[in-house]
Amino acid sequence: MKELYYQIIEFRNHKYIIAVTDKGLAYVGLRDETLSDMSVFYPKADFVEDKMRTQEYANEVMEYLQGKRTKFDLKIDISGTKFQESVWQAVAKIPYGAVSNYSKIANAINRPKAVRAVGTAIGRNPVPLVIPCHRVLAKNGTLGGYRGGLAMKSDLLQLERDVQKYESI
């Protein structure tokens, strides 16, 4: 059984769970998700609250949420199917402040007809923010879906636009 060490951080009246293994970041909870939400991704894991093991990771996530970090330097310890991992790798390449869409991701992994499957794989991303699935929109430019809700997706995209404006001055 895998142990996940976690802590809960607070930002703007919302709680975020950060969980790690001995090898790296394993989970980033979105606004007000709970340990039971994390157990969907890790049903056989033991959850152990441990701020010492998670603090470095929590700091980077907090810096991102505050608009102070545009890139993560964290080791990641996640796994999925070969297809999911290819989708996550493609999503991870979307630059800060940029967006893509589900069709472009499907094309990038040489599976142009797998647009719906791409959406499902994105929904199974255990480390959103770090693998920035909020940067993936519907082909028509609308927000599409997001595990953290469309308000959060919109807020994250706005944060990145605001930080880029500030950095370009």
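Start with the whole protein chain in a cartoon view: there are six helices and six strands to find. The model is a predicted one. Follow the elements from the N terminus, and they come in the order β-β-β-α-β-α-α-β-α-α-β-α. The radius of gyration of the protein chain is 16 Å, close to the 15 Å that the globule rule gives for 169 residues, so the chain is as compact as a globular protein of that length.

**The whole chain**

Keep everything selected for a moment. A box of roughly 40 × 40 × 25 Å, taken along the principal axes, holds the C-alpha atoms of the protein chain. Switch on the surface: the chain exposes about 9300 Å², and carbon and sulfur atoms supply 50% of that area. Of the 169 residues, 47% are buried. Contacts that reach across the sequence can be counted too. Among those between residues at least 6 apart in sequence, 59% join residues at least 24 apart.

**Two domains**

Next, colour residues 2–66 as domain 1 and residues 82–167 as domain 2. How far apart are the centres of domain 1 and domain 2? Taken over C-alpha atoms, the separation is 20 Å. Now look at where the two colours meet: 15 residues of domain 1 are in contact with 19 residues of domain 2.

**Strands E1, E2 and E3**

Select strand E1, residues 3–11, and then strand E2, residues 14–20. E1 and E2 run antiparallel and are joined by seven bridges. To see one pairing, pick Gln 7, whose bridge partner in E2 is Ile 18.

The two strands form a hairpin with two residues between them. In this turn, Arg 12 has a positive phi of about 50°. Move on to Asn 13, which is in the loop between E1 and E2. Asn 13 also has a positive phi, about 65°, although it is not a glycine. Is Asn 13 buried or exposed? Its relative accessibility is 77%, so Asn 13 counts as exposed, the cut-off being over 50%.

Go back to E2 and show its surroundings. Five of the seven residues of E2 are buried, so the strand is largely enclosed by the rest of the structure.

Add strand E3, residues 25–28. E2 and E3 run antiparallel, with three bridges between them. Pick Ile 18 again: its bridge partner in E3 is Val 28. Ile 18 therefore has a bridge partner in E1, Gln 7, and another in E3, Val 28. E2 and E3 form a hairpin as well, with four residues between them. Gly 24, in that turn, has a positive phi of about 155°.

**The loop after E3**

Now select Arg 31, in the loop between strand E3 and helix H1, residues 35–41. Arg 31 has a relative accessible area of 25% and is partly exposed, because that value lies between the cut-offs of 20% and 50%. Show the side chains around Arg 31. Leaving out residues up to four places away in sequence, Arg 31 touches His 14, Lys 15, Tyr 16, Ala 151, Met 152 and Asp 155. Which of these side chains makes a polar contact with that of Arg 31? It is Asp 155, at 2.5 Å.

For a distance across the model, draw a line from the C-alpha atom of Arg 31 to that of Thr 120: these residues are 20 Å apart in space and 89 residues apart in sequence.

Step along to Asp 32, in the loop between E3 and H1. The phi of Asp 32 is near 60°, a positive value in a residue other than glycine. Asp 32 counts as partly exposed, at 41% relative accessibility.

**Ile 105 in helix H4**

For the last stop, select helix H4, residues 102–108, and within it Ile 105. Is Ile 105 buried or exposed? Its relative accessible area is 3%, which means that Ile 105 is buried, the cut-off being under 20%.

Show what surrounds the side chain. Not counting residues up to four places away in sequence, Ile 105 touches Val 87, Ala 90, Val 91, Ile 94, Ser 100 and Val 118. Finish with Val 87, which is 18 residues from Ile 105 along the chain. The C-alpha atoms of Val 87 and Ile 105 are separated by 6.9 Å.

Conventions: Residues numbered from 1 in each chain as written. Predicted model: local features only at pLDDT ≥ 70, side-chain atom pairs only at ≥ 80, totals over all residues. Heavy atoms only, no water. Buried < 20%, exposed > 50% of the residue type's maximum accessible area, 1.4 Å probe, protein only. Contact = heavy atoms within 4.5 Å. Polar contact = N/O pair within 3.5 Å; in protein donor to acceptor, adjacent residues only side chain to side chain. Pairing = 2+ DSSP bridges. Rg over C-alpha atoms; globule rule 2.2 N^0.38 Å. Areas by Shrake-Rupley, 256 points an atom, 1.4 Å probe, with all protein chains shown as cover. Domains from an automatic or database assignment.
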